[in-house]
Amino acid sequence: DMEVDRIFMRDWICVGRSEQYQRPGDYRAFRIANEPVLICRNEKGEIHAFANVCPHRGVEVVRGEGTVDQLKCPYHAWTFDLDGRLKGAPFTKEVRNYDWDACGLQRLQIDSWAGYLFINFDRNAESLSDYLAADGVQEHAAFLRAEDTRIGDEFTFEVECNWKFIPENLMDMYHVGVIHGSSFGAYFPVAKFPYELTRYGYHAEYESLTMAPEGAWLFGKAMPWLEDKNKHFAFTTFIRPTYNMFARPDMLQPWYCHPISPNRTRVTILTQYPEEWFEQPAFKEKNALVKDFIRLVASEDLEMLKSLQNGVGSRMFNAGPTTKLEKAIHHTLNYYLDRMFGEEAREVSGEHAA
């Protein structure tokens, strides 16, 4: 509950990309830390985020995803337009002295960076631009030109572990050659992994295989703006609290997650390519290989994450030291401790630092 209050109700949370809402009426409904959220595009082409809670009795107004011309609560058929305004409420004409104009869906802050949508539950939160600028994200990730790519695959799954283990695992270079040794970790020189720590996160340019079987160069070339990078180019950055970007010369693969409960987390992985690559010969077949591969990579982590969740709760567990390959985890945990308990908590984290 403290994490929800101090982190997820205050930070900017990635919820996908604007291209997932192509037409007026396109919507998606989901929950973040048990808070119902609704995102939709209105008739003017604007994307809005709402608390997906009917102001009448609190039922979620819509579920899943689709395209609608209005938003209708399934409980008592109260209807709202695509801007969240109440348009109809059956059998309420006799109700007196009620401010119907204020009886719309509650709006959440929503903004975008490089095509990615972020929401914030806090009406008084700093702008998304300022939030990202604290770590220099706009500068160090600009060369990826994510805004010039399009989704080729969206992979969403749930895993039985606490949300913190997802970004921690993704910034843990210690495990790559072990768990992923037969996939992309077969070539992953990590001895001097070049972490560039920022105020709240980190970024790094390093070497790795492509995200395809046996490091295959499926698309025959790099994205036009990364043509100066070699085949082993890789880049990663972390945006608090749960967004990890991974780039290769021929694709972008951001991961982001949302807590469902203390022991369950929903994870989404996107694979993005330049628009023109969708017209390549045999693109569908090549993309299918990437789809299968990213599912393999994720599956390599899943059982370990479940075991991790169980193991840290063991009476026998006493946390060991962090190594230089876990530098980003140590940095992120200190940020977490500051948010949750104040800077004095750093002393506990610092005891076992390498």
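## A walk from R264 to the buried strand β10

R264 is partly exposed, with a relative accessible area of 28%. That arginine makes a good starting point for a tour of this model, which is a predicted one. Let us begin with its charged partners, then turn to the sheet, and finish in the nonpolar interior.

R264 meets the side chain of E158 in a salt bridge, with an N to O distance of 2.7 Å. This pair ties together distant parts of the chain: E158 belongs to strand β11 (residues 149-159), R264 belongs to strand β17 (residues 264-274), and 106 residues separate the two. E158 is itself partly exposed, at a relative accessible area of 42%. The side chain of R264 also forms a salt bridge with that of E160, here at 3.7 Å from N to O. Once again the link is between distant parts of the chain, since E160 sits in the loop between β11 and α4 (165-170) while R264 is in strand β17, 104 residues away. E160 has a relative accessible area of 43% and is therefore partly exposed. Why can such residues come together in this way? In general, side chains of opposite charge can pair when their charged atoms come close.

These two contacts belong to a wider set, for the structure holds 21 salt bridges. Among the others is a network that links D81, D83, R85 and R107. Another joins the side chains of E303 and K306, with 3.3 Å between N and O. Unlike a link between distant parts of the chain, this one is local: E303 and K306 are three residues apart in helix α6 (residues 283-311), so about one helical turn separates them. E303 is exposed, with a relative accessible area of 53%, and K306 is partly exposed, at 31%.

A little further along, the surface takes on another character. L308, V312 and F317 make a nonpolar surface patch of about 240 Å². V312 is found in the loop between α6 and α7 (327-341), and this valine is partly exposed, with a relative accessible area of 34%.

Now back to the strands that carry E158 and R264. β11 and β17 are part of an open sheet of seven strands, in the order β11-β17-β16-β15-β14-β13-β12, with antiparallel pairing. β11 and β12 (196-197) are its edge strands, each pairing on one side only. Inside the sheet, strand β15 (residues 243-248) pairs with strand β16 (residues 251-261) in the antiparallel sense, over six bridges. Along this pairing, F246 stands opposite Q253 in β16.

Next comes strand β10 (residues 116-120), where the question is a simple one: are its residues buried or exposed? Five of the five are buried, so β10 is largely enclosed by the rest of the structure. Y116, F118 and N120 point one way from the strand, whereas L117 and I119 point the other way. The general rule is that in a regular strand the side chains alternate between the two faces of the sheet.

Which strands pair with β10? Strand β1 (residues 13-17) pairs with β10 in the antiparallel sense over four bridges, and I13 has I119 as its bridge partner there. Strand β9 (residues 107-113) also runs antiparallel to β10, joined to it by five bridges; S112 stands opposite L117 in this pairing. β9 and β10 form a hairpin with two residues between them, and A114 in the turn has a positive phi of about 55 degrees.

From β10 we can step into the nonpolar interior. In soluble globular proteins, nonpolar side chains tend to be buried together. Here the largest nonpolar core has 70 residues, and W113, Y116 and W255 touch the most other members. Helix α6 gives the most to this core, with seven residues. Beyond its neighbours within four places in sequence, Y116 is in contact with C14, G16, R17, D111, A146, Y243, M245, L252, P254 and Q272. A second, separate core of 21 residues includes F30, A49, L117 and I119.

Putting the last pieces together, L117 and I119, which point the other way from Y116 on β10, are among the residues of that second core, while Y116 is one of the residues that touch the most other members of the largest core.

Technical notes: Residues numbered from 1 in each chain as written. Predicted model: local features only at pLDDT ≥ 70, side-chain atom pairs only at ≥ 80, totals over all residues. Heavy atoms only, no water. Salt bridge = Lys/Arg side-chain N within 4 Å of Asp/Glu carboxyl O. Buried < 20%, exposed > 50% of the residue type's maximum accessible area, 1.4 Å probe, protein only. Patch = residues over 30% accessible without salt bridge, like charges linked within 9 Å, V, L, I, M, F, W, Y side chains within 5 Å. Areas by Shrake-Rupley, 256 points an atom, 1.4 Å probe, with all protein chains shown as cover. Pairing = 2+ DSSP bridges. Core = buried A, V, L, I, M, F, W, Y, C linked by side-chain atoms within 4.5 Å. Contact = heavy atoms within 4.5 Å.
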